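Ready for some practice with a protein model? Work through the exercises below, and try each task yourself before reading its solution.

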Amino acid sequence: MLNITMNEQEGRLIAVLVGDLDNAASSLAERGLAPVFERTDCDVVIDCTELNYISSSGLRIVLNIFKHTRSNGHKAILKSLSDDVKEVFDLSGFLQLFIVEK
């Protein structure tokens, strides 16, 4: 199960992911993260504090956020990655694309 909340703070759009971003949750994630693709005026923070798991389909969604944000001259930031989720990003090579905050 995946829960997504969106809020804005200090000029950044923050997407808080709670649960598992797996194949089953990917269509829910695409709908829940749609506001990110409607914005072209701010950095995007993907708060992974309570993200337990991410699959390849989840990585694809996050990569699309990176591409969209960067194409608009802004940054995509991963925040509070657990060791397991960080390892998936690292093994995929995606970790080096993002700014990572604790």
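**Exercise 1: The cysteines**

Start with Cys 42, which counts as buried at 7% relative accessibility (buried means under 20% relative accessible area, exposed over 50%, partly exposed in between, with a 1.4 Å probe and protein chains only). Before going on, note that this is a predicted model, where local features need pLDDT of at least 70, side-chain atom pairs count only at pLDDT 80 or more, and totals for chains, interfaces and linings use all residues. Residues are numbered from 1 along each chain as its sequence is written, and side-chain values use heavy atoms, leaving out hydrogens and water.

Task: work out how many disulfides there are by the rule that a pair of cysteine sulfur atoms must lie within 2.5 Å.

Solution:
- Step 1. Recall that a disulfide is a covalent bond between the sulfur atoms of two cysteines.
- Step 2. Take Cys 42: the closest cysteine sulfur is in Cys 48, 17 Å away, so that's too far for a bond.
- Step 3. Check Cys 48 too: it counts as buried, at 1% relative accessibility.
- Step 4. The count comes to 0 disulfides.

**Exercise 2: The sheet**

Task: find the strand order of the open sheet, then say which strands are at its edges.

Solution:
- Step 1. Helices (H or I, at least four residues) and strands (E, at least two) are DSSP runs, numbered from the N terminus.
- Step 2. The 5 strands follow the order β1-β2-β3-β4-β5, with mixed pairing (two strands pair if DSSP finds at least two bridges between them).
- Step 3. β1 and β5 (99–101) are the edge strands, as each pairs on one side only.
- Step 4. Zoom in on β3 and β4: they run parallel, joined by 4 bridges. Here Asp 47 stands opposite Lys 79 in β4.
- Step 5. Now add a helix: α3 packs on the sheet and touches β2, β3 and β4 (contact means heavy atoms within 4.5 Å).

**Exercise 3: The core**

Task: which residues touch the most other members of the largest nonpolar core?

Solution:
- Step 1. A nonpolar core is a set of buried Ala, Val, Leu, Ile, Met, Phe, Trp, Tyr and Cys residues joined through side-chain atoms within 4.5 Å.
- Step 2. This core has 30 residues, and Leu 21, Leu 33 and Phe 89 touch the most other members.
- Step 3. Ask where the residues come from: α3 gives the largest share, 6 residues.
- Step 4. Not counting residues up to four places away in sequence, Leu 21 touches several residues, including Leu 2, Ala 29, Leu 51 and Val 62.

Terms used:
Axes fitted to C-alpha atoms, helices over the stretch in contact; angles between N-to-C directions.
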